[in-house]
Amino acid sequence: MAKAKTAFVCSDCGSDYHKWQGQCSDCGAWNTLSEIRLASSKGAGRSTPGRAQGFAGELAPARVLSEIDVSEVQRIPTGMTEFDRVLGGGLVPGSAILLGGNPGAGKSTLLLQACCGLASQMSALYVTGEESPQQIAMRAQRLSLPLDQLKLMAETNVEAILAALDTHQPKLLVVDSIQVVYSEELSSAPGSVSQVRDCAATLTRAAKQRGIVLLLVGHVTKDGSLAGPKVLEHMIDCSVLLESSDDQRFRTLRGQKNRFGAVNELGIFAMTEQGLREVRNPSAIFLERGEKQSSGSVVMVVWEGTRPLLVEIQALVDDSPLGNPRRLAVGLEQNRLAMLLAILHRHGGLQVGDQDVFANVVGGVRVLETSVDLALLLAIVSSFRDRPLPRDLVVFGEVGLAGEIRPVPSGQERLAEAAKHGFARAIVPRGNAPKTSPTGMQVHAVASLAEALALDL
Ligand code: TYD
Ligand code: MG
């Protein structure tokens, strides 16, 4: 009998090694390598003996690009516009999509809603490994979804799932979740790196060969990365993440990788009694402000994918009791805050070295764009001086290390959106100054931080 092949696999990133070592040379984690027994290669190449099957589906001989049929890939709309937007227009047959998210984010709800709708136009199979069919049926009933088309199966064995593909011939397969799926050919426990990796590879391969849309649900670890191996993200065509806002009302769906579209799109849903409801015009959902304007708060326009989003930036600057004052950014980049405070000192002449500085984006939104710089600095100055900024003011612009205000993309569209929501004043980079201001709006175009701070509003 041939000796069973083994490998040492890192449980964080999934890299494998011939020999054990203390640190994974790929991801740098310590003590994460464990020995696993590999599946016999007999099983892996079952359909075409002697030749490995690629993830790209049917393997084909080399041809020049022009000979390859490039007729537009048809897309299947899911019936949920926000979901389609993130997917780049709909589901592509023969593609594998990974939906990640924290427990309770609403992954199962989202897929159940999408599948029940889709099942009327294409045969769909929902494989559940976490919830019982009764639970899912009850939920579908409560959400008044069409119950007569979607096939449901409780299964965690990947070989059984493949067999079900032959029996039911679905065009859409959902596996909820990939972490509980296991293969009999591997000795390691379900949920371990090698199981997740091999089962995902098997399912992806099957989906490509049959032209099925495969939707995998994946768990997310505490730090927000996908549980299980990174190799999973290389195999699949599209990876989307469902996140809940801090107050749990809204869910944002964000593309992380997409072979068929842009990744910067954001879909927004509200979690209601009737399941996930799409928020079609989300530009101002995070903007609920009280009547009284307090210091340290200003509204900015973020550009999320192809849409503007109005968010409120807050800052609190206060005398620090500590020798080493605190700088805390929630929803913003911490390092950027430190850098902006240095710019404020050097080019704005304002010293906050002995002050605690807290910055926050209201509504639990995360703003990673540099266009937040100017708004954040003005909020900090407003809080420091305890002078409220006008309620109808909107600000955006990147601040450079020399104290210059740099233009940001889509300046006109941001201004137009703010004007639509009744903002009457704007401070923008000179490079974004519009030829004609939106009606009813007074636009101040500034080239430097000093100029922005000198404005009398
Ligand atoms: P679920 O889809 O089970 O999350 P996941 O599969 O990502 O773990 O969603 C569960 C959460 O959604 C749960 O906390 C309750 C909430 N929820 C509602 O508020 N309304 C609803 O109609 C449904 C179905 C769920
Ligand atoms: Mg679930």
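Which polar backbone atom is 2.8 Å from an oxygen atom of ligand 1? In this predicted model, the atom in question belongs to Gly 104. A second backbone N or O atom, that of Ala 105, lies 3.4 Å from an oxygen atom of ligand 1. Further along the chain, Glu 273 places a polar backbone atom 3.1 Å from an oxygen atom of the ligand. Considered by itself, ligand 1 exposes 560 Å², and the protein buries 71% of that area.

The surroundings of the ligand may be described next by secondary structure. Two or more residues of the shell come from each of helix H3 (107–118), helix H4 (133–142) and strand S11 (266–272). Of the elements contributing to this shell, H3 gives the most, with three residues. In total, 15 residues surround ligand 1. The closest of these are Gly 104, Lys 107, Ser 108, Thr 109 and Thr 272. Gly 104 is thus named among the closest residues and also supplies the polar backbone atom at 2.8 Å from a ligand oxygen. By residue class, the shell divides into seven polar, four nonpolar and four charged residues.

Attention now turns from the ligand to two individual residues, beginning with Ala 200. This alanine is located in helix H6, which comprises residues 193–210. Is Ala 200 buried or exposed? Its relative accessibility is 0%, and Ala 200 therefore counts as buried, the cut-off for that class being under 20% relative accessible area. When neighbours within four places in sequence are left aside, the residues in contact with Ala 200 are Ile 178, Leu 216, Leu 232 and Met 235. For one of these partners, Leu 216, a backbone separation can also be given: its C-alpha atom is 8.3 Å from that of Ala 200, and the two residues are 16 residues apart along the chain.

The other residue is Asp 373, which belongs to helix H9 (residues 373–385). Because its relative accessible area is 0%, Asp 373 is buried. With which side chain does the side chain of Asp 373 make a polar contact? The partner is Arg 336, and the distance of this side-chain to side-chain contact is 2.6 Å. Arg 336 also appears among the contacts of Asp 373 beyond four places in sequence, together with Leu 340, Gly 397, Glu 398 and Val 399.

Terms used. Residues numbered from 1 in each chain as written. Chains lettered and ligands numbered in written order. Predicted model: local features only at pLDDT ≥ 70, side-chain atom pairs only at ≥ 80, totals over all residues. Heavy atoms only, no water. Near = heavy atom within 4 Å. Polar contact = N/O pair within 3.5 Å; in protein donor to acceptor, adjacent residues only side chain to side chain. Areas by Shrake-Rupley, 256 points an atom, 1.4 Å probe, with all protein chains shown as cover. Helix = DSSP H or I, 4+ residues; strand = E, 2+ residues; numbered from the N terminus. Nonpolar A, V, L, I, M, F, W, Y, C, P; charged D, E, K, R; others polar. Buried < 20%, exposed > 50% of the residue type's maximum accessible area, 1.4 Å probe, protein only. Contact = heavy atoms within 4.5 Å.
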